[in-house]
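Biologist: I should like to learn how the features of a model such as this one are to be read. Please begin with enclosed space.

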Amino acid sequence: MVLETKQTTVAYRCPHCGAGVMSVVGLFNLTADMVKLKCTCGESEMTVVYSKDGKLRLTVPCILCPNPHSFTLNSSVFFKNELFLLPCPYSDINICMIGEQNQVKAELARTELELLDLLEENGIDNFDIFHGEQTLSDPQILDIILFVIKDLDEEGRIYCKCHKEGDESDPAREGNYEVEMLPEGIKVCCKDCGAEKIIPSNSLINAHEFLNTDKIVLE
């Protein structure tokens, strides 16, 4: 199947509310001016600019990174593919879909499940992490810290008021912990006793140092 060369469907996922944003973009719109795809929540927008050299320059919000990513495409790639995907350069998760409408819809649905699986693996069960004033650090920092927290939890090396360090009477005990993203870092909290600790997430150096952590003590 070959798409009509004059228009295509473009979509991205809003990093604020998690909703898929989709619109038909035509060559006529682009030759007139910049095209903007705005989320209904009003917190994000994707821009597409058609330049004189026949290339399209896209600025795409990213669900995982604090800043949008820029891409440059030939018009033949933009208008003639059934499905063309642009991934986040740090996570490889597709953040922009271009092509036939049903194909784009299907990819939006697939990436939503992929993101939810990623969050669930790290103890987060919905897109609330992306809402409000919360800000994600560099995705590499996030991955390192969440990896260590998950590993320590599985090994029973997160301690709190109800599971104190040195108390190995129940080595098979499973902690009831949750993580929350805050502007100042990642908070680990025990749901039972309320003890908590914030892991700073503003430095890749600190994140790598955190790799050597052998325990987390909540207070």
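**The largest cavity**

Modeller: The largest cavity is lined by R13, I63, I93, N94, I95, M97, T111 and L115. This is a predicted model, in which local features need pLDDT of at least 70 and side-chain atom pairs count only at pLDDT 80 or more, whereas totals for chains, interfaces and linings use all residues. Residues are numbered from 1 along each chain as its sequence is written, and side-chain values use heavy atoms, with hydrogens and water left out.

Biologist: How is a cavity recognised, and how many of 30 Å³ or more does the structure hold?

Modeller: Rolling a probe the size of a water molecule over the atoms shows where empty space is left. A cavity is a set of points, on a 1 Å grid over the protein atoms alone, where a 1.4 Å probe fits but cannot get out; lining residues have an atom within 4 Å of a point. Grid points are joined across faces, edges and corners, and the volume is the space filled by probe spheres set on the points. The structure holds one cavity of 30 Å³ or more, and about 60 Å³ of space lies in the largest cavity. Two elements, β8 (94–99) and α3, each give two or more residues to its lining. Helices (H or I, at least four residues) and strands (E, at least two) are DSSP runs numbered from the N terminus.

Biologist: Which element supplies the largest share of the lining, and what classes of residue are found there?

Modeller: The largest share, three residues, comes from β8. By class, the lining has five nonpolar, two polar and one charged residues. Ala, Val, Leu, Ile, Met, Phe, Trp, Tyr, Cys and Pro count as nonpolar, Asp, Glu, Lys and Arg as charged, and the others, Gly among them, as polar.

Biologist: What is meant by a nonpolar core, and which residues of the largest one touch the most other members?

Modeller: A nonpolar core is a set of buried Ala, Val, Leu, Ile, Met, Phe, Trp, Tyr and Cys residues joined through side-chain atoms within 4.5 Å. Buried means under 20% relative accessible area, exposed over 50%, and partly exposed in between (1.4 Å probe, protein chains only). In the largest core, of 28 residues, M46, L58 and F78 touch the most other members. Elements that each supply at least two residues of this core include β4 (45–50), β5 (55–60), α2 (75–80) and β8. Outside four places in sequence, L58 is in contact (heavy atoms within 4.5 Å) with residues including M46, F78, L86, C96 and I98. Another core, of 19 residues, lies apart from the largest one and has I158, Y177, V179 and L218 among its members.

Biologist: How many salt bridges are there, and are the partners of E107 and E45 buried or partly exposed?

Modeller: A salt bridge is a side-chain nitrogen of Lys or Arg within 4 Å of a carboxyl oxygen of Asp or Glu. The structure holds six. R110 and E107 meet at 2.8 Å, N to O; both lie in helix α3 (residues 101–121), three residues apart, about one turn of the helix. R110 is partly exposed at 39% relative accessibility, whereas E107 is buried at 7%. E45 pairs with K36, their closest N and O atoms being 3.9 Å apart. K36 is partly exposed at 47%, as is E45 at 32%. K36, K38 and E45 are linked in a network of salt bridges.

How values were computed
1 Å grid on protein atoms, 1.4 Å probe; cavity = no way out; pocket = protein on both sides within 12 Å on 5 of 7 lines; lining within 4 Å.
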